[in-house]
Amino acid sequence: MKSVARIWIAFAAIGAGLLHLAVAAAAPVSLMVLLALLGAAELVWAGATLLLSRFPLRAVALTGSLLALVLWAGAVLGSRNLGVTVDNFPPVPLAIASLLDIIVAVSLAVSLRRGSQSTAPAPEPGPWTMIAGLAIGAVLMVGLTLPGLSQTQAGIAALNGPHAHHTTEYDIPDGGHTGH
Amino acid sequence: MSTAVNSKPALSRSPNRLVATIFGAVYLVVALLGFIVAGGGVGFLDTEGPLLLGIFQINHLHNVAHLLIGAALLIAGLSSVSAAKGANSVVGIVYLLLGIVGFFLVGTDANILALNTPDHFLHLVTAIVLLGAAFGADKSTRAAVA
């Protein structure tokens, strides 16, 4: 079952990567590059995990998966300066990506706590168990990721047409300013 | 070194062969049902079409794609582990790209496969299962060959 669990973690990283890339497409330029790099790194790491049958660069990947949360929080806090709005930095896809990243981070932390990984492939479960594991993991990942993709700016435009575009600012208290 | 060794595991013992065979058979059935449902009432490249099982939107190009993909997966699954792995990875990558790109084509003239949101869900799930099997399963077979 260890190999199925590792595949699920790779699926979670793929989901987070897809969401970060989709959000990057409409994000302010200053954040677009960071999000695109993060999304690409998540996809590459997931592919390497599947191919190598172990978690590559565990400590770096653990830090990277948590960086996604730091990036989101930082962008929201600095939203006025960075030009971040709910539309170009949508919270639902980012929340789903963060959830997936937290799953990855916790798994990596557990793996690191257990010590070094074997370089030999872990024994695989029976073929039907493996297929059931793959199918359940895929349905869960896509079930989480697709609603998030539909909330990205490109997804909204695709589903509702270009006239669906509008701008909503993050409601950040600024200490004394009465708002508008 | 021999590729024959790589192809030895029986169909029932190889996740890649099983996944390719099952998905291939299902997509062939879906293609045939699609041709019946679409009939003559929809154009080959229409951006909107009838719903298969009341859920998945299709047109004839979509049905042809299902037919080809189903046949490729089924043949590969029935052939060998290496063929199944190759077919699973190629079709998986194609479906992953389609699942992502197709998502942004809905409502545009470029939606020549008449895709809707349930289609994207199905394509992405298929992609993830096929890629997971291709890159994550049958490792012991590969190790034995190496």
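User: Before reading any statistics, which cut-off decides that two residues are in contact?

Analyst: Two residues are in contact if their C-beta atoms, placed from the backbone, lie within 7 Å. With that criterion, among contacts in chain B between residues at least 6 apart in sequence, 70% join residues at least 24 apart, and in chain A residues 24 or more positions apart account for 81% of the contacts with a separation of 6 or more. This is a predicted model, in which local features need pLDDT of at least 70 and side-chain atom pairs count only at pLDDT 80 or more, while totals for chains, interfaces and linings use all residues. Residues are numbered from 1 along each chain as its sequence is written, and chains are lettered from A and ligands numbered from 1 in the order in which they are written.

User: Which elements do the two chains have, and in what pattern?

Analyst: Helices (H or I, at least four residues) and strands (E, at least two) are DSSP runs, numbered from the N terminus. Chain A has seven helices and zero strands, whereas chain B has six helices and two strands, which follow the pattern α-α-β-β-α-α-α-α along the sequence.

User: How is the packing of H1(A) and H6(A) described?

Analyst: Two packed helices are described by the angle between their axes and the distance between the axes. Axes are lines fitted to C-alpha atoms, for helices over the stretch in contact, and angles run from 0 to 180 degrees between N-to-C directions. Here H1(A) (residues 2-24) and H6(A) (residues 127-150) pack at an angle of about 20 degrees, with their axes 9 Å apart. That makes H1(A) roughly parallel to H6(A), since angles under 35 degrees count as roughly parallel, over 145 as roughly antiparallel, 65 to 115 as roughly perpendicular and the rest as oblique. Residues that make the contact include A:Phe11 and A:Ala12 of H1(A), and A:Gly137 and A:Ala138 of H6(A). By class, this contact has 15 nonpolar, five polar and no charged residues, where Ala, Val, Leu, Ile, Met, Phe, Trp, Tyr, Cys and Pro count as nonpolar, Asp, Glu, Lys and Arg as charged, and the others, Gly among them, as polar.

User: What share of each chain counts as buried?

Analyst: A residue is buried if 20 or more other C-beta atoms lie within 10 Å of its own, exposed if 12 or fewer, and partly exposed in between. Of the 146 residues of chain B, 51% count as buried, and for the 180 residues of chain A the value is 41%. One case is B:Leu131, which lies in helix H5 of chain B and is buried, with 26 other C-beta atoms within 10 Å. Not counting residues up to four places away in sequence, B:Leu131 touches B:Ser89, B:Gly92 and B:Leu96.

User: Which residues touch the most other members of the largest nonpolar core?

Analyst: In soluble globular proteins, nonpolar side chains tend to be buried together. A nonpolar core is a set of buried Ala, Val, Leu, Ile, Met, Phe, Trp, Tyr and Cys residues joined through C-beta atoms within 7 Å. Of the 86 residues in the largest one, A:Phe11, A:Ala12, A:Ala13, B:Leu73, B:Ile128 and B:Leu130 touch the most other members. The largest share of this core, 16 residues, comes from H1(A).

User: How many residues of each chain are in contact across the interface?

Analyst: Here 25 residues of chain B are in contact with 28 residues of chain A. The largest share of the chain B side, 10 residues, comes from H5(B), and by class that side has 16 nonpolar, seven polar and two charged residues.
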